[in-house]
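Biologist: I'm new to this structure and would like a guided look. Could you start with one sheet, go through it closely, and then work outward to the rest?

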Amino acid sequence: MAKIHVSTTINGEPTEFLCDAGDSMLDALRDTLGLTGSKEGCGTGDCGACSVTLDGRLVCSCLMLAAEADGHKVETIEGMASDHLHPLQQKFLESAALQCGICTPGMLIAAKSLLERNPDPTETEVRFWLAGNLCRCTGYDKIVRAVMETAADMREAAR
Amino acid sequence: MSDIRYLAPHTLDDAIAQYAAADGAARILAGGTDLLVQMRSGVLKPSTIVDVKKVPELMAVEETADGGFRIGAAVSGAALEEHAKFGKVWPGVLEGLNLIGSTQVQGRASMGGNLCNGSPAGDSVPALVAAGVVATIKGPNGTREMKVEDVPAGPGKTNLKPGEILVSFTFPARPKGSSDAYLRMIPRTEMDIAVVGVGVSLTLDAGTCTAARVGLGAVAPTVLLVADAAKALIGSKLDDAAIEAAAAACSAACNPIDDKRGTIEYRTKVAGVLLKRATAIAAERAGRA
Amino acid sequence: MNDQSNKWIGKRTVRPDGADKVTGRAAYAADASMPGMIWGKVLRSPHPHAVIKSIDTSKAEALPGVKAVATAADFVDFPTDTPVPLGIQDMRWMSRNILAKEKVLFHGHPIAAVAAMSEEIAAEACALIEVEYDVLPFAIEIDDAIAKDAPILHDFIQFEGKPSNIAGTLEHTLGDVDAGFAEADVIVERSFTTKPVHQGYIETHACVVSVAPDDRTTIWSSSQGQFMVRAMTTFLTGIPQSKINAIPAEIGGGFGGKTIVYLEPVATILSKKSGRPVKMVMNREEVMRATGPTSGSKSTVKIGAKKDGTIVAGEGTFYLQAGCLPGSPIRGAAGCAFAPYDIKNVHSFGYDVVSNRSKVAAYRAPGAPIGAFAVESVLDEVAEKIGMDPLKLRLKNAAKEGTKAAHGPTFPRIGYVETLEAALNSDHYKTPLTGKFQGRGVASGFWFNAGGESSAQVNITEDGNVVVTTGHPDIGGSRASIANITAELLGIDYDQVSVQIGDTASVGYSNLTGGSRVLFASAMVVTESAAEVIEQLKGRAAKIWGIDPSQVVWEGGEARPMGEHSGNFPSMTLGELAAKANATGGPIGAGSQSNTVGAEGGFATHVCDVEVDVDLGIVRVLRYTCFQDVGRAIHPSYVEGQLQGGMAQGIGWAINEEYIYNKKGQVDNPGFLDYRMPVCSDLPMLDCGIIEIPNPKHPQGVRGVGEVPLVPGPAAVRNAVFDALGIRIDDLPLSPPTVLAAFDANSRQAAE
């Protein structure tokens with residue numbers, strides 16, 4: 001079977017690649033496009049380490065076919081910082097909201113997606129939004145605090 | 001995986017033609033949150049994948065002329081949540097749909113996929129059954145309608161005929177004083193498959209339950225419509241005796257298995273507990289509706 | 001060491017590797033690739049127990065795209081009668097774990113491996129390998145494995161003169177327990193079980209290995225020790241250590257589970273046979289089926305106390321699953337269980353039991369949570385029986401400086417008493433619970449901590465900054481702590497310090513990131529190296545000034561003349577001295593290598609509040625605090641991080657995590673869906689009471705921190721559930737069906 005040609009936009013850049021029908025978006029990102037910031041922790045949508053946004057909606061790239069990206073916009077961890085870090089990235093660093101760092105890209109993408117929808121989440125809202133992002137190192141404490149503090153900072157900055 | 005074909009038709013007719021033309025190993029791709037897992041584990045080796053997300057009928061959210069809703073089978077939970085009205089009328093259906101997996105999964109998972117996956121534990125199905133929803137199915141031989149509870153045929157199986165695609169769900173109009181609720185038991189707070197799931201839809205008129213339907217998941221090979229539980233509620237003021245009777249009917253309807261997620265004894269008891277709790281939530285909502 | 005003038009020690013600095021980790025740049029093992037790289041896959045056993053009669057790889061080898069096939073025959077042979085120890089491992093068992101030899105010993109046991117042009121072709125080729133088995137009966141649980149007619153896994157293991165699945169024992173004795181129990185007013189004895197739990201690192205095992213035609217080998221892998229990877233690969237493949245460079249990729253969690261190899265030697269042989277670099281990445285199911293969880297256990301503990309709370313005797317028997325090959329952490333269970341207490345009469349006995357499960361691997365204070373679960377649960381009941389606050393009972397018997405522990409040592413200055421006092425005086429412990437089915441539990445725990453081999457190099461760059469190289473993979477922020485210490489010692493700015501983890505070719509031997517040893521040991525060699533660098537810097541300044549080096553002092557990051565020369569020369573900064581380095585004697589830098597000692601044990605006390613939904617059997621943790629003596633919190637945020645991570649894992653172990661086997665001897669929950677680790681919404685904030693009793697044997701007062709916080713957790717949760725329900729559940733996990741069944745049985749009993 002011939003490869004499928006996909007025209008998509010990744011982190012704002014028009015991107016074309018070839019894939020097999022069965023390839024996941026995560027396979028394409030990591031193995032074809034060299035965007036290895038998205039991680040595979042399970043391949044079954046249970047850990048969230050591969051989180052990306054598709055047309056602005058949070059998804060697991062392991063549960064999406066690469067072919068489905070055609071004509072759509074994908075954002076990955078590699079697109080989160082510009083010449084400076086996103087406030088969430090900066091806060092994660094300052095508050096030690098990561099240890100081994102393997103869940104961090106997915107956690108950051110998920111948290112960013114939350115704050116875009118809900119700039120003032122409660123602790124409970126943060127915890128349930130991030131329930132699909134497993135972290136085994138931190139017990140989530142510093143992650144939840146970092147997300148809430150960033151939300152507060154961003155609200156303050158937007159005033 | 002390189003011998004799979006991926007098709008993304010733009011019309012329903014094309015989708016049906018392509019799906020029917022492929023052999024029985026073709027699979028419909030909606031949100032993919034079950035399909036990709038099954039492909040990856042080697043359980044499924046589809047010859048053709050028909051992605052239906054470009055087909056307008058499967059992605060539409062419409063209010064019907066009689067005041068009900070028609071929801072495309074491939075609409076994601078996250079998209080449906082953004083609809084201004086649906087979640088106010090059918091909060092239980094929406095909460096069922098949006099208990100599936102994580103936020104990430106809810107960005108993709110659909111009611112159609114959840115139903116056609118055929119799992120007795122699908123979180124959106126008990127509430128759909130309770131809601132009295134009708135599924136519209138289209139295939140090479142035309143269109144037909146089926147009650148949602150008649151769609152599953154057993155674990156992993158549906159009563160759809162070869163080549164048929166689930167297109168949409170039609171929700172009836174709601175009389176005043178109606179609402180619904182879905183509750184499931186899982187060990188954690190999120191991310192688990194339901195050990196038991198209960199959907200309750202009811203109508204209250206001056207405190208009396210005038211209509212009710214109960215859907216019960218993960219306790220039998222398919223999601224059950226528990227008529228005896230509804231019977232116990234209808235005509236009552238939802239007093240303790242009525243609710244106890246409905247709970248007992250749910251426990252009696254259980255035909256579960258012992259597995260890694262729960263025991264027979266546990267599921268049977270919990271079915272009743274959840275009926276009580278879901279009924280209380282639905283009644284409280286109905287009182288405000 | 002609690003010197004408030006410290007500028008960097010104790011500061012919450014931003015870790016040097018942080019920006020890479022929040023931007024997706026940090027390279028973990030599976031992120032690596034090499035030119036010409038191909039993919040390796042493992043064929044795994046479909047049976048839990050079988051003799052391998054033959055393996056025919058010819059069809060796999062003939063498949064287009066296949067470049068190499070390997071079986072145990074391609075590896076160094078380690079006969080079962082000759083021990084080949086490496087640390088706590090034995091190459092006899094390690095070789096049989098990475099690829100089955102005579103027998104397959106668990107469902108998922110690797111049998112052969114294939115390297116091919118793609119993962120798909122490799123998987124297809126694995127399916128073409130024909131293995132002829134003689135299928136044997138199997139034993140999964142401890143009771144099955146020690147039953148009279150149990151299937152024997154290894155004929156060469158004998159216990160009490162007969163072939164047995166009991167592969168070893170360990171005994172600690174102090175005083176005379178019979179005499180002790182005779183003095184007791186109250187004796188409580190209970191039996192407990194715990195299920196195996198997995199470390200649950202989110203990053204699966206992965207490596208890329210390149211073996212050149214001259215056998216020069218580069219290994220890029222995720223492990224808790226690149227030197228362990230090198231050593232084991234040498235043992236198993238026969239390639240000498242001088243030809244292997246093991247590069248530590250960033251590691252996505254280990255918790256002990258990456259202290260042994262699974263893939264690296266296999267990829268090495270595949271690379272050697274194929275002439276190509278080979279990448280191997282496990283999927284989650286492979287991790288859950290075939291890498292080591294920690295042991296499941298059964299244990300019995302008996303404790304006797306006087307009415308005034310004095311514990312007079314303690315006795316414990318601990319059976320731990322080793323998995324399919326010997327080596328369960330009985331030392332952690334039997335050794336740590338009674339260690340927090342000054343008990344004159346102790347008898348603690350451990351049994352190492354093999355069965356048809358994947359070989360266990362270390363998991364955060366290996367064995368200790370199992371011992372603590374039993375002892376701390378029994379203590380809770382002793383406290384109830386004599387009507388004493390459970391923390392006060394512990395305080396009355398707490399080990400302190402001079403206490404002789406049953407497992408051997410006499411404790412130096414330790415901080416266990418302080419953890420108990422802090423818990424007793426805490427807002428958490430003083431705040432009453434209000435809900436009906438709410439309860440509070442406490443428990444304590446001990447871990448040995450470890451020292452061992454470390455190497456470091458501290459180099460001054462030409463522009464006057466500092467590069468520190470150590471040899472321990474950084475899993476939880478250890479680079480930041482090393483940078484804090486280096487900046488403090490040299491009196492320079494934190495941002496001037498870069499910390500690198502060297503590969504095996506560029507830094508001296510350094511033992512595992514494990515045993516809560518990394519900061520303890522690496523700080524020691526960094527301190528020695530920095531001291532030597534300061535001597536060099538003083539010497540260079542002295543040379544420039546033409547005075548004796550003894551007349552130079554290093555202060556505030558500058559060399560200053562002192563004594564009779566004080567004020568005669570302007571002080572010189574690190575940058576100024578670096579600029580003149582070549583004129584004054586060449587590059588400035590120093591290294592140190594040492595087998596560090598003096599780690600000393602760590603103690604923690606946990607307080608846990610739960611609420612139980614008695615209709616569904618669900619236990620939810622409402623509030624949780626860990627009080628721990630951390631020695632000295634070099635970087636408080638990452639110390640808290642260790643405590644919080646340990647608390648979360650303890651809660652998971654207590655409530656929902658377990659390996660579930662089906663009747664065919666297969667793991668029935670080999671993924672994150674049904675192996676239920678805590679998710680974000682399961683937990684409350686996890687509070688830390690950091691207590692700093694500096695370790696007198698360490699230059700910065702460091703004590704190991706990482707493992708103790710897992711030890712008390714399961715018992716603390718279990719004791720809280722007792723407080724909530726009045727029911728003592730002795731079998732983990734406290735999953736909903738278990739709790740509901742216990743509650744309903746209790747209610748029925750009460751009604752009768």
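Modeller: Let's get one term straight: two strands are said to pair if DSSP finds at least two bridges between them. Keep in mind, too, that this is a predicted model.

With that, here's your sheet. In chain C there is an open sheet of three strands, in the order 6-2-8, and the pairing is antiparallel. Strand 6 (103-104) and strand 8 (130-135) of chain C are its edge strands, each pairing on one side only. Strand 2 (residues 50-56) of chain C pairs with strand 8 of chain C in the antiparallel sense, and six bridges join them. If you want one bridge to look at, try Asp56(C): its partner in strand 8 of chain C is Glu130(C).

Now let's move along chain C to another strand. Gln628(C) sits in strand 29 of chain C. Is Gln628(C) buried or exposed? Gln628(C) counts as buried, because it has 33 C-beta neighbours inside 10 Å, and the cut-off for being buried is 20 or more. Leaving out residues up to four places away in sequence, Gln628(C) touches Thr419(C), Gly602(C), Ala604(C), Leu643(C), Ile690(C), Ile691(C), Val708(C) and Pro709(C). You can also look across to Thr605(C), which is 23 residues away from Gln628(C) along the chain, while their C-alpha atoms are separated by 6.4 Å.

Strand 29 also leads us to a helix. Strand 29 (618-629) of chain C is one of the elements that the buried residues of helix 21 of chain C pack against. The others are strand 28 (602-613) and helix 20 (713-725) of chain C, plus helix 12 (264-288) of chain B. Helix 21 itself covers residues 736-751 of chain C, so to speak 16 residues in all, and reaches 22 Å from its first C-alpha to its last, close to the 22 Å expected at 1.5 Å a residue. Which residues of helix 21 of chain C are buried? They are Pro736(C), Pro737(C), Val739(C), Leu740(C) and Phe743(C). Looking down the axis of helix 21 of chain C, you'd find these buried residues within an arc of 165°, so they line one face of the helix. Over on the other side of helix 21 of chain C, Ala745(C), Arg748(C) and Gln749(C) are exposed.

Next, where chain C meets chain A. Here 41 residues of chain C are in contact with 44 residues of chain A. On the chain C side, helix 1 (18-22) and helix 19 (636-655) of chain C each supply at least two residues. Helix 19 of chain C has the largest share of that side, with seven residues. Sorted by class, the side of chain C that touches chain A has 20 nonpolar, 15 polar and six charged residues.

Chain B touches chain A as well: 25 residues of chain B are in contact with 27 residues of chain A. Strand 1 (5-7), helix 2 (35-41), strand 3 (48-51) and helix 7 (103-106) of chain B are the elements giving two or more residues to the chain B side of this contact. Helix 2 of chain B makes the largest contribution to that side, four residues. By class, the side of chain B that touches chain A has ten nonpolar, nine polar and six charged residues.

Last stop: the domains inside chains A and B. For chain A, the domain assignment gives domain 1 (4-79) and domain 2 (87-158). The C-alpha centres of these two domains of chain A are 22 Å apart. 13 residues of domain 1 of chain A are in contact with eleven residues of domain 2 of chain A. Strand 3 (residues 51-54) of chain A provides three residues, the largest share of the domain 1 side.

For chain B, the assignment gives domain 1 (5-119 + 134-171) and domain 2 (178-288). Their C-alpha centres lie 25 Å apart. 13 residues from domain 1 of chain B and 14 residues from domain 2 of chain B take part in the contact. On the domain 1 side, helix 6 (91-97) and strand 8 (152-154) of chain B are the elements that give two or more residues, and helix 6 of chain B gives the most, with five residues. That side of domain 1 of chain B divides into six nonpolar, five polar and two charged residues.

Conventions:
Residues are numbered from 1 along each chain as its sequence is written. Chains are lettered from A and ligands numbered from 1 in the order in which they are written. This is a predicted model: local features need pLDDT of at least 70, side-chain atom pairs count only at pLDDT 80 or more; totals for chains, interfaces and linings use all residues. A residue is buried if 20 or more other C-beta atoms lie within 10 Å of its own, exposed if 12 or fewer, and partly exposed in between; C-beta atoms are placed from the backbone. The arc is that of the directions from the helix axis to the C-beta atoms. Two residues are in contact if their C-beta atoms, placed from the backbone, lie within 7 Å. Domain bounds come from an automatic or database domain assignment. Ala, Val, Leu, Ile, Met, Phe, Trp, Tyr, Cys and Pro count as nonpolar, Asp, Glu, Lys and Arg as charged, and the others, Gly among them, as polar.
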